[in-house]
Amino acid sequence: MTREPALLDRPHTPTTPSPLGWLTLGDAFEAACLLRCTPPPTAARPSAVRAEHTAGVEFNREDAAQRMRQLLNRLDIPVTHEVAVGGLRRRYELHRLWVPREHQGAYTRMLDAGWWQGRRELLGGPLPGASPARRRLVTRLAEAAWRSALLAAGRHVRRHILGVRLTDRELAAVLIRGAAVLDVPARLRPGTGCFLVSVADGPDRQRILRSAALEPARGVSPASARGAVVAPAGRPVC
């Protein structure tokens, strides 16, 4: 009998990315989480490859797009920001970010390395006896994962919970682990084509929101650092 894949199963990658420095890792991991919250841009062909290996990403919130720009700026990856307006009676904006062709290789390598190294650090530790610096790193990764989900994932807010909907099961596992690192119990509920990760209203919700608050970006002017995580809102994904 074929075993059903567990939530924490990890697909094998053909190559092992080079380790990143801890400051770079935090930014690359958060950018990778933002990318995993989104579908491919609407301009992409139906046969386009998986979203994290394309050169564009699309958000329906400006603060999510601005955050991605800040992170890529820190990682020395240039990006073009386009805004498209759609809808008839109810207008909406789509914020599309595109990486120039000559930088697409560096973009893919950086986000791949950030995702796999950050995921490994978060799901595997910190182990007993870990240094204070490594413990702070794991906490920072947990905060980054939740910040990304609150900015860019599908929202699911009810009176008794704060939740996000995701199609990426790997990111769902990261959010469950990240909540535990932040001393918040989280629940996972599989749905049709998606996963719902939620925390209870009250102190748990407030702890997650405080932990995921958007700090000023290094090297980015205050005018371009607009937006803070105050409640989850994003495109419904299921």
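The following dialogue examines how helices and strands are described in this predicted model.

Student: What makes helix 1 a mostly covered helix?

Tutor: A residue counts as buried when its relative accessible area is under 20%. In helix 1, 12 of the 15 residues are buried. Among them are Leu25, Ala28, Phe29, Ala32 and Leu35, and also Asp27, Glu30 and Arg36. The helix is therefore called mostly covered, with 12 of its 15 residues buried under the cut-off.

Student: What covers the buried residues of helix 1?

Tutor: The cover includes strand 1 (56-59), helix 2 (62-74), helix 3 (104-124), helix 4 (132-152) and helix 5 (169-181).

Student: How do you know what span to expect for helix 1, residues 22-36?

Tutor: The expected span is 1.5 Å times one less than the number of residues. Helix 1 has 15 residues, for which 21 Å is expected, and the distance from its first C-alpha to its last is 21 Å. Helix 5 can be judged in the same manner: with 13 residues it reaches 19 Å, close to the expected 18 Å.

Student: Why are helix 1 and helix 3 called roughly perpendicular?

Tutor: Angles of 65 to 115 degrees count as roughly perpendicular. Helix 1 and helix 3 pack at about 100°, and their axes are 7 Å apart. The angle falls within that range, and the two helices are therefore roughly perpendicular to each other. On the side of helix 1, the contact involves residues including Thr24, Leu25, Ala28, Phe29 and Arg36, while helix 3 contributes Tyr107, Met110, Leu111, Trp115 and Glu121, among others. By class, this contact has 12 nonpolar, four polar and three charged residues.

Student: Why are helix 4 and helix 6 described as roughly perpendicular?

Tutor: The packing angle of helix 4 and helix 6 is about 100°, and their axes lie 8 Å apart. Since 65 to 115 degrees is the range for this term, helix 4 and helix 6 are therefore roughly perpendicular. The contact is made by Glu143, Trp146, Arg147 and Leu150 of helix 4 together with Ile208, Leu209 and Ser211 of helix 6. It has four nonpolar, one polar and two charged residues.

Student: Which residues of helix 5 are buried, and what covers them?

Tutor: The buried residues are Glu170, Leu171, Ala172, Ala173, Val174, Leu175, Gly178 and Ala179. Their cover includes helix 1, helix 3 and helix 4, as well as strand 5, strand 6 and strand 7.

Student: Why are strand 4 and strand 6 said to stand at the edges of their sheet?

Tutor: The sheet is open, has four strands in the order 4-5-7-6, and is paired in the antiparallel sense. Strand 4 (154-158) and strand 6 (186-190) each have a single partner strand, so one side of each lacks a neighbour in the sheet. Neighbouring strands of this sheet are turned by 20° against each other on average, direction ignored.

Student: How do you know that strand 7 pairs with strand 5 and with strand 6?

Tutor: Two strands pair if there are at least two bridges between them. Strand 5 (residues 161-166) and strand 7 (residues 195-200) share six bridges in the antiparallel sense. Within that pairing, Leu166 has Phe195 as its bridge partner, and Ile161 stands opposite Ala200. Strand 6 is joined to strand 7 by five bridges, also antiparallel, with Arg187 opposite Ser198. Both counts meet the requirement of at least two, and both are therefore pairings. In the hairpin of strand 6 and strand 7, four residues lie between the strands, and Gly193 takes a positive phi near 80°.

Student: What makes strand 7 largely enclosed?

Tutor: Five of its six residues are buried, so strand 7 is largely enclosed by the rest of the structure.

Student: How do you know that strand 1 pairs with strand 3?

Tutor: Strand 1 and strand 3 (residues 92-98) are joined over four bridges in the antiparallel sense, which satisfies the requirement of at least two. Val57 stands opposite Leu97 in strand 3. The open sheet containing these strands has the order 1-3-2. Its edge strands are strand 1 and strand 2 (80-86), each pairing on one side only. The twist from one strand to the next averages 20°. Helix 2 lies across strand 1, strand 2 and strand 3, at about 10° to strand 3.

Methods:
Residues numbered from 1 in each chain as written. Predicted model: local features only at pLDDT ≥ 70, side-chain atom pairs only at ≥ 80, totals over all residues. Heavy atoms only, no water. Buried < 20%, exposed > 50% of the residue type's maximum accessible area, 1.4 Å probe, protein only. Contact = heavy atoms within 4.5 Å. Axes fitted to C-alpha atoms, helices over the stretch in contact; angles between N-to-C directions. Parallel < 35°, antiparallel > 145°, perpendicular 65-115°, else oblique. Nonpolar A, V, L, I, M, F, W, Y, C, P; charged D, E, K, R; others polar.
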